[in-house]
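Here's a quick tour of a protein chain, written for someone who likes to know the cut-offs behind each word. Have a look at the structure first.

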Amino acid sequence: MPRSERNRLSLRVPFRKEEPAYALLGRLALRYGHVSMRSFADCMGLRRSHRYGSETLTAVAELSGIDLTELARWSPISCSPHNFQYQGTVFNGYKWIPERRRLCPLCVQEDLSVSKESRQPWMCHRRFWWDFSGIDACPTHRTWLINGCPDCKGEFESDYTNLQTCRCGYDLADYIPDVLSESDCKMDAYILARLLGSPHSRLDPFEDMPLPLAIRAISGLGSAEVFRNGNQNAIDQKQRLECKIAAGELFRSWPQSFDEGLDRRVAEWMAHQSYEIADGAPSVYGRLYRWLNRHRDSTYDVLRSRTAQHYFSQVAPHRRTKLFGCWSCPLGRISIDDLNTQLALLEAVLPGSSRTGDRRLS
Ligand SMILES: [Zn+2]
Ligand SMILES: [Zn+2]
């Protein structure tokens, strides 16, 4: 269809907040009887456009008659082959937009409940954050985002436009999902609020980190808390949420709750080790130490210094003890006994020196 004729589309869909351009295109497609977004895009002459490209955004705004600026508020735009940009922040595409589509079944049911008479599958709209892998549960409905049909278990395809009814015929309006607790969804609620720019309670020290870094820190530190000493690379959705909940506990009241977490690690370490804590700096904190040591970004300095401070409060100052490159015993804090030992060694090796008087320091 020539570009000039796009505006002549008479069937429209109502604008919905939080719906990205590619999802709005899917709803328009469904309204026109296309269950394949690709086939509809071909008809509209959008064949070569990348789903997350700015061309798609412009074309969909034109096609739907929705204000471009308003639509752009909810649309992640690809800015390089591996990244996309959302509200001025660059996110890693592989990590953030999974190929499998996800949805909240209760958001879908809410969309359908607006008007029972005019219930149409194209009334259900995709929220852009369903596709962010940093979020696993819908904070509004406190239920899992699902990535496949509860009945036939088929994956949700990015090309398929019907959110309500699976290809197998299963209607999501009939699905009764598990409901999680409010505390289980707290971290996802925090991530979503930051993504949307909504008011939220502070969560230090993540508050000062850009959102992609904050999410990486929440997941990484939570994972180091859940899998204290072992390595766990491939984790499922439930374990991912478990890690975020653990991070939430660790930072529920910074820095006291973080210190308490470190105390627990030291207590566990002491219960299972026979050698001195001063000998085992990295081991004491397990994966937490390894994670903080690997991520040398200055954003994590505050966490490293808090951990070092905790460690040094557990061991006697010693000039050979260090954590994250910080010595437990800076020069000014070398003990008197240490200095006396050094002095005795010096006197023993220097020619002509003898211990005639009491040269010991006190
Ligand atoms: Zn929901
Ligand atoms: Zn199905």
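What follows goes from the overall make-up to the strands, one helix, the cores and a cavity.

This is a predicted model, so bear the filters in mind: local features need pLDDT of at least 70, side-chain atom pairs count only at pLDDT 80 or more, and totals for chains, interfaces and linings use all residues. Residues are numbered from 1 along each chain as its sequence is written, chains are lettered from A and ligands numbered from 1 in the order in which they are written, and side-chain values use heavy atoms, with hydrogens and water left out.

**Overall**

The protein chain has 14 helices and seven strands; helices (H or I, at least four residues) and strands (E, at least two) are DSSP runs, numbered from the N terminus. Of its 362 residues, 46% count as buried, where buried means under 20% relative accessible area with a 1.4 Å probe, protein chains only. Take the contacts (heavy atoms within 4.5 Å) with a separation of 6 or more: 60% of them come from residues 24 or more positions apart.

**Strands E1 to E3**

Strands count as paired if DSSP finds at least two bridges between them. Here are two such pairs.

| Pair | Bridges | Direction |
|---|---|---|
| E1 (residues 77-80) and E2 | three | antiparallel |
| E2 and E3 | four | antiparallel |

E1 and E2 make a hairpin with two residues between them, and Ile 77 has Gln 85 in E2 as its bridge partner. Over on E3, Phe 91 sits opposite Phe 84, while Thr 89 sits opposite Tyr 86. The E2 and E3 hairpin also has two residues between its strands, and Gln 87 takes a positive phi near 50° there.

Which residues of E2 are on its covered face? They're Phe 84 and Tyr 86, with Asn 83 and Gln 85 on the uncovered one. In a regular strand, side chains alternate between the two faces of the sheet.

**Helix H7**

H7 (residues 186-196) is mostly covered, with eight of its eleven residues buried. Among them are Tyr 190, Ile 191 and Leu 192, along with the charged-type names Asp 188 and Arg 194. The buried residues of H7 pack against strands E2 (83-86), E3 (89-92) and E4 (137-138), plus helices H8 (211-226) and H9 (237-250). Right after H7 comes Gly 197, with a positive phi near 70°.

**Cores**

A nonpolar core here is a set of buried Ala, Val, Leu, Ile, Met, Phe, Trp, Tyr and Cys residues joined through side-chain atoms within 4.5 Å. The largest one has 68 residues, and Trp 129 and Phe 206 have the most contacts inside it. H8 gives the most to this core, eight residues. The core also draws at least three residues from each of domain 1 (3-174) and domain 2 (202-327), with bounds from an automatic or database domain assignment.

What does Phe 206 touch, leaving aside neighbours within four places in sequence? Its contacts include Tyr 190, Arg 194, Ala 214, Leu 221 and Phe 251. There's a second, separate core of 23 residues, including Leu 9, Leu 30, Ala 59 and Ile 66.**Cavity**

A cavity is a set of points, on a 1 Å grid over the protein atoms alone, where a 1.4 Å probe fits but cannot get out; lining residues have an atom within 4 Å of a point. The structure holds one cavity of 30 Å³ or more. The largest cavity has a volume of about 30 Å³, a volume being the space filled by probe spheres set on the points, which are joined across faces, edges and corners. Its lining includes Ala 21, Tyr 22, Arg 51, Thr 56 and Ile 77. Helix H1 (21-31) and helix H3 (54-64) are the elements giving two or more residues to that lining.

Definitions and conventions
Buried means under 20% relative accessible area, exposed over 50%, partly exposed in between (1.4 Å probe, protein chains only). On a 1 Å grid over the protein atoms alone, a cavity is a set of points where a 1.4 Å probe fits but cannot get out, and a pocket is an open set with protein on both sides within 12 Å along at least five of seven lines; lining residues have an atom within 4 Å of a point.
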